[in-house]
Amino acid sequence: MTTSPRRVWWKTVVGLVLTGLMLFPVYWMINVSFTRDQDMRADPPHLFPTDGTLDGYRAVLDQQLPYLGTSFLVGLGTVALTVALAAPAGYALAKLRPPGGPALSFLLLIAQMIPGIIMAMGFYAIYLTLGVLNTLPGLILADTTLAVPFAVLIFTAFMSGIPDELLQAAVVDGAGRLRTFWSVVLPVSRNSIVTVSLFAFLWSWSDFIFASTLAGGGDHQPITLGIYHYIGNNNQQWNAIMATAVVASIPAAVLLVLAQRYVSMGVTAGAVKD
Amino acid sequence: MTGLNRRRRLAAVAVIALAAVTAGACSSSSGDSDGGGGGAYLVWDPYPQFADDSDWVALLKKCGTSAGVTVERTGYDTTDLTNKALLAAQQGNSPDVLIVDNPVISTLAEAGALTTTEENKLDVSSMAPNLLGAGQSGGKTYGVPIGANTLALYYNKDLLTAAGVDPASVTDWTSLTSALTKVKAKGKKGITFSAIGTEEGSFQFLPWFWGSGAQLTSLDSPQAVSALTLWKDWLKQGLAPNSVINNTQTTSWQEFASGNFAFAENGTWQLANAEKLGFSYGTIAIPASAGGPAPAPTGGEFVSIPVQKKTDRYATSQKLVTCLTNADNLLTTDTTLSYVAPVTAVQDRQATENPKLKVWVEAVRAAKGRTGDNLGTKYPKISEPLWTAVQAALSGGKSPQEALTAAQASATSK
Amino acid sequence: MAWGFLAPTVVYLLAFYAYPLYRNVELSLREYTVRSFVQGGAPFAGLDNYRTVLTDPAFWPTLAHTLVFTGASLVFQFTIGMALALFFRQHFPLSGTLRALILVPWLLPLIVSASTWSWLLNSDSGLVNAALGVVGIDPVNWLTSPTWSLTSVIIANVWIGIPFNLVVLYSGLQAIPVEVYEASALDGASGWQRFWSITFPLLRPVSAITLLLGLIYTLKVFDIIWIMTRGGPTGSSATLATWSYRLGFGNMLPEFGPGAAVGNLLIVMALIAGLVYIRSQRRQYQR
């Protein structure tokens, strides 16, 4: 398993190329965000924004920053609620195998097939009655429906891989189910928790349909609605739209890289401890 | 094992039964919220591009103050607004004033979501009849136009001069096609438009369709076929790019702005952007097949007053709408939107203040409503087959005749 | 005790999914017009909406597109995702950072990523055609010809789906204890053998759930296709999901009944996939 440094660098180069390929459309988005209207459909297209403009960014920095804050709050709330709901459920389905468990997994699968727009219409009716339209908790609750079924299924799949001996050992030590869950299952499942959190965050970050239906009229609008400042009824300002997307993805991308650091550190730390 | 299976099945049944009970509980407790409440009046518009510090919002606030109420305004994406308005009407949560794209008015009226001018006492007598038509059905009027737009041909003066084409000579389809051919011979591109598979595509095709003498009640007439053949031949001869099949009006404007196209079919709303072009431009009316200007469809939004449970709110809503649509305010609003006003007197003022608007005022006066001719909610059932036919012919699947015959069959079967 | 852990999720499911699901079924069984949608009182229509949809000439082509779109997307997303996961599992400088960066496409609102793809694939001013031109290939009408439109939306969808597969499979790989590999490395197994005899079998539960979730998400995809081609030209890239959206919401005069019926057919398709999954799970229980 020993590899020479030269070979490792070769892998880094391949990794860079692969990442570059995957991110090329993102580069294009950045390119467009700097492009003047008259160059947007140049034929042949310009690979670099040679006569660039900062108009898009000017518009975004003037108008979009509050939306970013809302998106962050909604994303964090969605992550917290999703993990809190789904982790115990995943544990129960994977390790306690209750009667009706498979039926429940099945319902979770079906739940994800309901079209988003129908879900949003249902929520609208419920929220109107409860009076939580245009509130942050309302939007967070709705956004968790994007992630909870997924999260339960993922937790189930990952937690079923936890060796039974580990759990039995905890029981022998006199721990109850709750203690076992809290101090054995959760720490071992750090990887899947991070995976689930990541997706819960990303989904709420890019959600448009719930935001538009349930928070469109309020003071708490996420960044996806902010983009619609540049989509008029007849006309779209594409450099500003793309600039919004760029500005919105930078903080989130930083977060991803940091989370990533944490995961790999956690994994190695866990391996050493074992 | 079987026992376990039965228990599982029982649990599943229990879950489903509980689901049904909860669903029933949710649907029966319909909302009794007060739709805004107190002195606040809700206004929804399709202008998300206007932020809270814009002139438009300032105008709304001002009208609210003069009516003695506060205005709470929300701007929605235009396609999203139709669904949202229907949903709100279903839940009894409609805004007090709703501004929507004109073809949507007949749909919302059909749904019983809008009040008529008899109920809300709006005065629409000053509005131009050809614009008001889109808001009328069954002899009733459901809203007031706030501004109108339509389509014309923008041209690139520099390119036409280089190709030796006098824009004034473009008066019918033959002269237009020959102008395009001359431009192409110079290595530039002819014309760009939007033939996308949505209402936008029908909107852009209609001037040619109507300009051929065709009627929406008969999509497969020889005239209609000639209009579609015109477009198809342009694509075949390379006078128009293949990308038009997927172009929105914004995309086709970006193509024109690149300076490579001699003509672009686009709307009144691009006037502000036209001033930013890197070349000099002009506008002509879209020519009819046999010459003269073709009737173009009217675009633009209507202000309406949705049905409320508390009918005493209409009086204030009426004051708000009257304020928004009085002559001075129309002038301001339509200038910011780059629209033509719906009132003849205001149109004249616009034309004197900005001579470039003169072409557009004339175009709007000659334009036709899409849902007019008593089509109302039949229009969407005609428009979808129409844009489908345009797409089928342009993407090469079918001949114009085949495509339009299929469209007519589909429109009559619905 | 087990249900104590499940209770929050069950309550949550009932509270938030039951009503929309009931609503979707109800919409499909009544004859809704815009008027009855708002005012109520739509007559019960039994399976009429389903009959309308199934006898529509567009049904079979659309179903075929759905199967091709879903099948092709799954195969490519999964294989590429797996390959990238295996690649990034080897530790090399920057591996963690690069792997995190590959997730960036997920941060973009779909309207932006889908529009970017239609930008790149534009017939006349698109970069892809410009690049093909450099190597002497004639421009392809990616989005505007019926032959290519489905391929184009599949490419975009695969691109959007790769990060999901990468992340889930990567986490799955992390869960495999290193000792297992060390044992086999001593036996002198090659990399390929190691993958087929150790990694793949141990990754089965995670692979199964990734594929199943991928299937469900792909069946549901409509925004990417809608933004790129509107399902056209002439329905050549329409799937059941875009068709359902077009019927119910993409038109000025919505047809809620047939729209919901198409949506429910999709739910049935997912149901079948779910049953297959549950069966395989049960087989594992019994082992």
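The following paragraphs describe the fold of chains A and B and the contacts that join the three chains. The model is predicted.

Chain A is helical. The chain has 12 helices and 0 strands. Read along the sequence, its pattern is therefore an unbroken run, α-α-α-α-α-α-α-α-α-α-α-α. The C-alpha trace of chain A spans about 70 × 65 × 30 Å along its principal axes. Of the 274 residues in chain A, 55% are buried. Contacts between residues at least 6 apart in sequence are often long in range: 79% of them join residues at least 24 apart.

The UniProt record, an unreviewed entry, annotates "transmembrane region" over residues 12-30, 72-94, 106-127, 139-159, 180-205 and 238-259 of chain A. Two of these spans can be set against the model. Residues 139-159 of chain A are 100% helix and 0% strand. The end C-alpha atoms of that span lie 29 Å apart. Residues 180-205 of chain A are 96% helix and 0% strand. Here the end C-alpha atoms are 33 Å apart.

Chain B is mixed in its secondary structure, with 18 helices and 11 strands. Its C-alpha trace spans about 80 × 70 × 40 Å along the principal axes. Of the 414 residues of chain B, 56% count as buried. Among contacts between residues at least 6 apart in sequence, 74% join residues at least 24 apart.

One pair of strands in chain B comes early in the sequence. Strand 1 (residues 40-45) and strand 2 (residues 70-75) of chain B run parallel and are joined by 6 bridges. Within this pair, B:L42 stands opposite B:E72. The two faces of strand 2 of chain B are unlike in cover. B:V71, B:R73 and B:G75 form the covered face. B:T70, B:E72 and B:T74 form the uncovered one. The listing fits a general rule. In a regular strand, side chains alternate between the two faces of the sheet.

An open sheet of 4 strands is also found in chain B, with the order 8-9-7-10 and mixed pairing. Strand 8 and strand 10 (281-284) of chain B are the edge strands. Each has a single partner strand, so one side of each is left without a neighbour in the sheet. The twist averages 20° from one strand to the next. Strand 7 (residues 151-156) of chain B pairs with strand 10 of chain B in the antiparallel sense, over 4 bridges. In that pairing, B:G282 of strand 10 is the bridge partner of B:Y155. Helix 11 (residues 249-257) of chain B packs on the sheet. This helix touches strand 7, strand 8 and strand 9 (261-267) of chain B. Its direction makes about 150° with that of strand 9 of chain B.

Helix 10 of chain B covers residues 222-236. At 1.5 Å a residue, its 15 residues should span 21 Å. The end C-alpha atoms are 20 Å apart, which agrees. Several residues of helix 10 of chain B are buried: B:A224, B:V225, B:A227, B:L228, B:W231, B:K232, B:W234 and B:L235. A lysine, B:K232, is among them. The spacing recalls the geometry of helices in general. An α-helix has 3.6 residues a turn, so residues three or four places apart point the same way. The cover over the buried residues of helix 10 of chain B includes helix 8 (173-185), strand 8 (189-192), helix 9 (199-211), helix 17 and helix 18 (400-413) of chain B. Just after helix 10 of chain B, B:G238 takes a positive phi of about 75°.

Chain C meets both of the other chains. Its contact with chain A takes 75 residues from chain C and 80 residues from chain A. The side of chain C that touches chain A has 54 nonpolar, 16 polar and 5 charged residues. In the contact with chain B, 37 residues of chain B meet 28 residues of chain C. On the side of chain B, helix 1 (2-28), helix 3 (78-90), helix 4 (102-110) and helix 17 (379-394) are the elements that give two or more residues. That side divides into 15 nonpolar, 18 polar and 4 charged residues.

Within chain C, C:T52 lies in helix 4 (residues 48-55). C:T52 has 18 other C-beta atoms within 10 Å, so it is partly exposed. The C-alpha atoms of C:T52 and C:G257 are separated by 9.7 Å, although the two residues are 205 residues apart along the chain.

Terms used:
Residues numbered from 1 in each chain as written. Chains lettered and ligands numbered in written order. Contact = placed C-beta atoms within 7 Å. Nonpolar A, V, L, I, M, F, W, Y, C, P; charged D, E, K, R; others polar. Expected span 1.5 Å × (residues − 1). Buried ≥ 20, exposed ≤ 12 C-beta atoms within 10 Å, placed from the backbone. Pairing = 2+ DSSP bridges. Axes fitted to C-alpha atoms, helices over the stretch in contact; angles between N-to-C directions. UniProt positions renumbered as here; feature names shortened; annotations may be inferred.
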